[in-house]
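Here is a short briefing for a first look at this structure. Keep the sequence and the model side by side as you read.

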Amino acid sequence: DKGNGITPAPRVEPIYGRTYLPKKFKMAVTVPGDNSVDLYINDVGAVVIMEPDGKTVKGFNIVVGGGMGRTHRKEETFARAADHLGFVKEADFFECLKAIIAVQRDHGNREVRSNARLKYLVHTLGIDDFRTLTEKYYGRRFEPWVPLPEWKYLDWMGWHEQGDGKLMLGINVEQGRVADSPGLRVKSCLRALVDNYGVDLLLTPSQSIVLRNIQPAQKYDVEAVLREHGIKLIDEVDAITRKSIACPAFPLCGLAMTEAERVQPQINARLLAVLRMMGMGSDDFVTRTTGCPNGCARPYMAEIAFVGSGPNAYQLWLGGSPNQAERTAVATSIFKMKFEDLEATVEPIFAMWRSQRNSPTEALGDFCHRVGVPVVEEFMAAYEPGAWKGMAPAFPPPPAVETPTATVGVASDLLVKIEEEASARGLDAPSLLDMIVREALEG
């Protein structure tokens with residue numbers, strides 16, 4: 001502005017003042033039970049609370065002080081899950097947010113950049129003193145936290161009704177990489193769906209995509225386009241892959257110490273192979289990999305995570321919540337696990353989980369949290385490769401489900417007609433048959 005009135009005077013931002021906040025400031029909003037946004041990793045998180053009529057917003061539960069970034073061997077930096085601050089009425093919501101921002105503005109650390117996030121202020125003061133300080137800016141007391149149902153890790157994959165008569169479909173995009181490669185043309189598929197069906201694309205915190213505003217009549221056409229481009233529907237994706245994410249790391253990030261995105265598919269396959277070898281193929285967990293400790297893929301919330309610590313080396317973290325709620329994982333003493341040692345590292349962990357879990361459904365993260373990472377490491381130190389074979393499982397594995405054959409006889413003259421019709425639609429015969437059968441069964 002050269003003084004001609006483009007920017008009004010005085011040029012002072014009404015909340016920030018003459019300076020920005022000390023560091024970045026992240027926020028998320030969700031509804032009770034739905035932790036698809038990883039609520040507890042944010043500086044501020046809000047949970048919408050409705051009135052009994054289910055239509056009127058009553059207010060919001062507020063969490064503060066979450067964050068992932070840390071630096072190896074600098075214990076003054078750490079990952080932290082947010083604390084419960086309290087409840088505010090709908091009319092007071094924005095005043096509450098402004099009060100929290102003002103507290104960070106005035107009391108956040110501006111001297112040491114690595115300790116400038118709100119999480120360090122909340123940690124230093126403690127949540128009670130932070131609440132008292134915020135109430136001075138807020139001008140009233142926070143109401144008690146409204147009890148919530150148990151959190152669930154949701155990713156909104158698969159088909160869902162979106163509430164207006166239309167459908168939405170979540171598709172898994174491994175590590176969020178939208179590109180075309182032989183056998184998997186994600187980029188071209190999204191282009192075709194947008195151009196031909198007018199779908200909207202919603203990016204998810206789990207690095208995948210939800211296709212929105214799909215007409216019910218287009219359901220099987222959309223599935224056919226996905227298959228044509230090599231994209232699996234969610235029931236064809238294994239649970240380990242579905243619950244994994246990784247940061248870009250090499251070759252895109254200058255902070256990376258090792259690979260993450262490009263090796264996550266290998267890590268997933270190798271973890272699944274170990275589980276299946278040990279008769280645990282029906283088990284799964286949240287796993288994440290990063291190329292450095294800055295936490296961009298939120299590894300410190302995972303049940304098991306691999307955090308880059310050097311070339312082809314990773315620090316092992318264990319014990320995050322399967323629902324990504326209210327706690328972080330814990331660093332083990334394994335600071336430089338070599339990539340080639342993945343199986344040897346996880347086998348004793350899985351063996352202990354298999355033989356000492358307290359219920360058939362106790363998750364890996366909950367198990368490690370319950371017994372404690374030091375106890376897990378003691379078990380690992382005494383473990384001999386293959387020893388799991390002599391350890392009785394705490395609970396018998398679920399019975400194997402026989403996989404039905406995919407071979408179905410079709411009369412030769414009918415098969416010719418199916419192939420001709422499939423070719424005319426740009427499909428293969430199995431995809432067209434699948435569409436016909438599904439439409440007949442599901443109406």
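A disulfide here is a pair of cysteine sulfur atoms within 2.5 Å. By this rule the count comes to zero disulfides. The model is predicted. The points below take the cysteines, then two sheets, then one helix and one arginine.

**Cysteines**

- The cysteine sulfur closest to that of C292 belongs to C253, and it is 5.7 Å away. That is too far for a bond, because a disulfide needs the two sulfur atoms within 2.5 Å.
- C292 is buried, with a relative accessible area of 8%.
- C368 is also buried, at a relative accessible area of 1%.

**The sheet of strands 1 to 4**

- This open sheet has four strands, in the order 1-2-3-4, and its pairing is mixed.
- Strand 1 (27–30) and strand 4 stand at the edges. Each has a single partner strand, so one side of each is left without a neighbour in the sheet.
- From one strand to the next, the twist averages 20 degrees.
- Strands of a sheet pair through backbone hydrogen bonds, either parallel or antiparallel.
- Strand 1 and strand 2 are paired in the parallel sense, over four bridges. In this pair, T30 stands opposite V47 of strand 2.
- Strand 2 and strand 3 run antiparallel and are joined by seven bridges. Here A46 stands opposite I62 in strand 3.
- Strand 3 and strand 4 are antiparallel too, over six bridges. I62 stands opposite G86 in strand 4.
- Why is strand 2 largely enclosed by the rest of the structure? Six of its seven residues are buried.
- The hairpin of strand 2 and strand 3 has six residues between the strands. In this hairpin, G54 takes a positive phi near 75 degrees.

**Helices on that sheet**

- Helix 1 packs on the sheet and touches strand 1, strand 2 (44–50), strand 3 and strand 4. Its direction makes about 15 degrees with that of strand 3.
- Helix 3 lies across strand 3 and strand 4. It runs at about 30 degrees to strand 4.

**The sheet of strands 5, 6, 10 and 9**

- This is an open sheet of four strands in the order 5-6-10-9, with antiparallel pairing.
- Which strands stand at the edges? They are strand 5 (158–161) and strand 9 (200–203). Each has a single partner strand, so one side of each is left without a neighbour in the sheet.
- The twist averages 25 degrees from one strand to the next.
- Strand 5 and strand 6 (residues 167–171) run antiparallel, joined by four bridges. W159 stands opposite L169 in strand 6.
- Helix 4 (residues 186–197) lies across strand 6, strand 9 and strand 10 (209–214). It runs at about 15 degrees to strand 10.
- Helix 5 (residues 219–228) lies across strand 5, strand 6 and strand 10. It runs at about 20 degrees to strand 6.

**A closer look at helix 3**

- Helix 3 covers residues 127–138, which is 12 residues. At 1.5 Å a residue, this helix should span 16 Å. Its end C-alpha atoms are 16 Å apart, which agrees.
- The buried residues of helix 3 are I127, F130, R131, L133, T134, E135 and Y138.
- These buried residues pack against strand 3 (57–64), strand 4 (83–89), helix 1 (93–107) and helix 2 (118–125).
- Just after helix 3, G139 takes a positive phi of about 85 degrees.

**R131 and its contacts**

- R131 lies in helix 3, and R131 is among the buried residues of that helix.
- Which residues does R131 touch, not counting those up to four places away in sequence? They are H84, L85 and F142.
- A polar atom of the R131 side chain lies 2.7 Å from the backbone oxygen of L85.
- R131 and V64 are 67 residues apart in sequence. In space, their C-alpha atoms are 9.7 Å apart.

Notes
Residues numbered from 1 in each chain as written. Predicted model: local features only at pLDDT ≥ 70, side-chain atom pairs only at ≥ 80, totals over all residues. Heavy atoms only, no water. Buried < 20%, exposed > 50% of the residue type's maximum accessible area, 1.4 Å probe, protein only. Pairing = 2+ DSSP bridges. Helix = DSSP H or I, 4+ residues; strand = E, 2+ residues; numbered from the N terminus. Axes fitted to C-alpha atoms, helices over the stretch in contact; angles between N-to-C directions. Contact = heavy atoms within 4.5 Å. Expected span 1.5 Å × (residues − 1). Polar contact = N/O pair within 3.5 Å; in protein donor to acceptor, adjacent residues only side chain to side chain.
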